[in-house]
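Trainee: I am new to this structure and would rather understand one part of it well than skim the whole. Please choose a single part and take me through it slowly, explaining each term as it comes up.

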Amino acid sequence: MPTYRYACAECGAFDAIRPMRESGSGASCPICAGPSRRVFGAPALRALPAGLRSALDAQHRSADAPRVATSVPGRAGRTQRRATDPRQLRLPRP
Ligand SMILES: [Zn+2]
């Protein structure tokens with residue numbers, strides 16, 4: 001449920017978590033239980049950490065057009081590791 005801000009004439013502003021269908025009606029003040037009207041402020045937008053933002057962007061991009069490998073990656077940059085276990089040396093090689 002969303003959080004809405006209300007203002008009591010006696011006690012000041014307070015936040016209330018209410019269903020959206022009740023957002024237009026007034027709320028009772030949690031301190032004096034008097035009637036309070038809804039006030040509008042800036043939206044509560046927050047900056048996401050860079051890593052999370054890039055991960056979410058990649059997730060959105062891949063939802064419609066997932067990245068597909070079109071060729072086998074080359075051997076450049078790969079280091080050949082020598083197996084130390086003789087059972088690994090007997091495995092079939094591509
Ligand atoms: Zn009040």
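Mentor: A residue is called buried when its relative accessible area is under 20%, exposed when this is over 50%, and partly exposed in between, as found with a 1.4 Å probe on protein chains only. The model is predicted, which is why local features need pLDDT of at least 70 and side-chain atom pairs count only at pLDDT 80 or more, while totals for chains, interfaces and linings use all residues. Residues are numbered from 1 along each chain as its sequence is written, and side-chain values use heavy atoms, with hydrogens and water left out.

The part I have chosen is residues 1–41, which an unreviewed UniProt entry lists as "domain: Putative regulatory protein FmdB zinc ribbon" (positions follow the numbering used here, feature names are shortened, and annotations may be inferred rather than shown by experiment). The span is 46% strand and 0% helix, and its end C-alpha atoms lie 18 Å apart; helices (H or I, at least four residues) and strands (E, at least two) are DSSP runs, numbered from the N terminus.

Let us begin with the sheet. Four strands make an open sheet in the order E2-E1-E4-E3, with antiparallel pairing, where two strands pair if DSSP finds at least two bridges between them. Its edge strands are E2 and E3 (27–28), each of which pairs on one side only. E1 is joined to E2 by a hairpin of three residues, and these two strands pair in the antiparallel sense over six bridges, with Ala7 standing opposite Ala13 in E2. E1 also runs antiparallel to E4 (residues 35–39), to which four bridges join it, and here Arg5 stands opposite Val39 in E4. E4 in turn pairs with E3 in the antiparallel sense over two bridges, and Ser28 stands opposite Pro35 in E4. As background, strands of a sheet pair through backbone hydrogen bonds, either parallel or antiparallel.

Next come the side chains that link E1 and E2. Arg5 forms a salt bridge with Asp15, their closest N and O atoms being 2.9 Å apart; the term stands for a side-chain nitrogen of Lys or Arg within 4 Å of a carboxyl oxygen of Asp or Glu. Because Arg5 lies in E1 (residues 3–8) and Asp15 in E2 (residues 12–17), this pair ties together parts that are ten residues apart in sequence. Arg5 is partly exposed at 39% relative accessible area, and Asp15 is likewise partly exposed, at 45%. A search of the whole structure finds three salt bridges, including one between Arg18 and Glu22 at 3.6 Å, N to O. Of that pair, Arg18 is buried at 13%, whereas Glu22 is partly exposed at 30%.

Besides these charged pairs, the search of the whole structure finds one aromatic pair. The rings of Tyr6 and Phe14 have centres 5.9 Å apart and planes at 25°, so the pair counts as stacked; rings of Phe, Tyr and Trp (its six-membered ring) pair if their centres lie within 6.5 Å, with planes under 30 degrees apart called stacked, over 60 edge-to-face and the rest tilted. Tyr6 is buried at 0%, and Phe14 is buried too, at 12%.

Last comes the metal. The zinc ion is coordinated by the SG atoms of Cys8, Cys11, Cys29 and Cys32, at 2.3 to 2.4 Å, where donors are N, O and S atoms within 2.8 Å of the metal (3.2 Å for Na, K and Ca), and sites may look incomplete because water is not among the atoms. Along the chain, these donors follow the spacing C-x2-C-x17-C-x2-C. The angles among the four donor atoms run from 104 to 116°, and the site is tetrahedral, a label given to four donors if all angles lie between 85 and 135 degrees; four count as square planar and six as octahedral if opposite donors are over 155 degrees apart and all others between 65 and 115, and anything else is irregular. Among the zinc ligands, Cys8 is buried at 7%, whereas Cys11 is partly exposed at 34%. Ala33, in the loop between E3 and E4, is exposed at 57%. The C-alpha atoms of Ala33 and Cys8 are separated by 9.1 Å, although the two residues are 25 residues apart along the chain.
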